[in-house]
Amino acid sequence: MLVDKKPDVCVLGLGYIGLPTAAVIARSGCRVVGVDVNQIVVDTINRGEIHIEEVDLDGLVQGVVARQMLRASTMVEKADVFVIAVPTPFDDAHAPDITYVLDAATNIAAVVKPGDTVIIESTSPVGTTDQVRDLLAKLRPDLKIPGITGETPDIAIAYCPERVLPGRILEELTNNDRSIGGITPRCARKALTFYKRFVRGECVTTDARSAEMTKLVENAFRDVNIAFANELSIISDHMGLDVWEVIRLANRHPRVNILQPGPGVGGHCIAVDPWFIVHGAPAQSPLIRTARNVNDGKVDHVIAKATQMIADNPTFKVGCMGLAFKANIDDFRESPAMKVAVELATKFGSRISIIEPYAARLPAEFDGSGADLIDLDTALLECDILITLVDHDAFKAIPLAERVGKTVYDVRGIWPDQPRGMRRATDRLKLAS
Ligand code: SAJ
């Protein structure tokens, strides 16, 4: 009879990826201990509560904690499988910092035993899994390490990036395909067996370096494509064209699918990961570097255009619509919409109102600016200029009848029926005067 002992699992890092991952693994029937350096996070989870917002995560964590399948700790504990899901930030020169991954590996080295599998999920520069292997080999000379020993290794080491979309994490964690890169094919096979327990999508094995690069490439691909859309919007402004009309028509071509321009690229992944490629191969990556610069530059373009519009209409009250880094979420960190709104609030003070259904109060960045937070009804009553910085569903649902007479800078293109852009808005103003 085939004996299927469910592995005990230790997940290191209980953030936006680590906590949902730990909870989904626990739901599959494995006992999981989640590890985080933050005592408050650990206490919160042990109460069956969560410290981040994600659809359906609260109920799942509550359930697996209540059934004692998941608990949190500040200390790494013995387990059969270790999953590293800690942050990998970059420094001012855009160089990746894998200190947290190496710290996690150091803690694992203290408890890892023959038969265990160590998996890195953190987005990492190519070569990180090799570095973790070398560190484990140094710290645990008693173990036969894959890629170093000529015999059957004692442990397996693999890289398996997450690719979930915030707002759909639980669904995508289960249903998305996964790339699993082993230090050796045996390592990949061991990690594959583990992921098959809770992933319904296809799990495809490869080597560790290819898996590391795959993750970076996915986000760089999206960044380059968004940069194309953002550059088109700047060109269209210069040429007096409506970029949304141009994209709408171009996308009717069967092999053209242009993404949506916006105020720039936010979040913690797409604006970061391409730099890991550029840092690894600077001379070979001019396109990826330029795309990053185009997307970062789009924020300045939006600020300049909005500033002009507000300065040209000194009596108009302005509504900045949205602060989140993308639609229908409450995450304002690394958000281009925030950058634009804060800059306009600093320049124009109490003429600026913020509309953000996902905010209970204005973030501290607005302190002292004079700007206020108002609800949608008030904005539609009081604001003469509306600047759409986020494509929240609540904003998209505003009918033209409620926008009539407003001057609109539709940065996100959410109101296709509105005469768009400064050119038309200004024309309309001239006609009205
Ligand atoms: N954006 C645009 N125009 C578009 C699409 C997006 O301006 O047409 C902007 C968004 O408003 C946002 C930013 O790009 O500011 C990023 O949003 P996103 O929805 O494209 O991606 P994220 O950051 O939420 O998640 C990405 C995803 N990667 C890809 O789609 C290739 C996700 O699958 C990854 O797991 C995640 O990064 C990650 O953790 O790496």
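**Surface patches, cysteines and two loop residues**

At 38% relative accessibility, I235 counts as partly exposed in this predicted model. The residue belongs to helix α8, which covers residues 208-239. I235 is also one member of a nonpolar surface patch, whose other members are M239, L241 and V246. Together the four residues have about 340 Å² of accessible area. Patch members need over 30% relative accessible area, and I235, at 38%, therefore passes that cut-off.

A second patch on the surface is one of negative charge, and it gathers E53, D56, D58 and D330. D58 can be placed in helix α3, which runs over residues 57-66. With a relative accessible area of 47%, D58 is partly exposed. The cut-off of over 30% applies here too, so D58 meets it at 47%. Membership also requires that a residue has no salt bridge, and D58, as a member of the patch, is therefore in none.

From the surface the text turns to the cysteines. How many disulfides does a search of the whole structure find? The search finds zero. For C187, the nearest cysteine sulfur is that of C160, 13 Å away, and C187 is in no disulfide. A disulfide needs two cysteine sulfur atoms within 2.5 Å, so the 13 Å between the sulfurs of C187 and C160 rules out a bond for this pair. C187 is buried, its relative accessible area being 0%.

C203 is likewise in no disulfide. Its nearest cysteine sulfur is again that of C160, here at 6.9 Å. Because the limit is 2.5 Å, the pair of C203 and C160 does not count as a disulfide either. Is C203 buried or exposed? C203 is buried, with a relative accessible area of 11%; the value falls under the 20% limit, which means that the residue is classed as buried although its area is not zero.

The last stop is the backbone of the loop between β9 (318-321) and α12 (336-348), where N328 lies. N328 is not a glycine, yet it has a positive phi of about 60 degrees. Its relative accessibility is 31%, and N328 therefore counts as partly exposed. E334 is found in the loop between β9 and α12 as well. This residue also has a positive phi, of about 50 degrees, and is not a glycine.

Note on methods: Residues numbered from 1 in each chain as written. Predicted model: local features only at pLDDT ≥ 70, side-chain atom pairs only at ≥ 80, totals over all residues. Heavy atoms only, no water. Patch = residues over 30% accessible without salt bridge, like charges linked within 9 Å, V, L, I, M, F, W, Y side chains within 5 Å. Areas by Shrake-Rupley, 256 points an atom, 1.4 Å probe, with all protein chains shown as cover. Salt bridge = Lys/Arg side-chain N within 4 Å of Asp/Glu carboxyl O. Lys, Arg positive; Asp, Glu negative; His and termini not counted. Charge placed at Lys NZ, Arg CZ, Asp CG, Glu CD. Helix = DSSP H or I, 4+ residues; strand = E, 2+ residues; numbered from the N terminus. Buried < 20%, exposed > 50% of the residue type's maximum accessible area, 1.4 Å probe, protein only.
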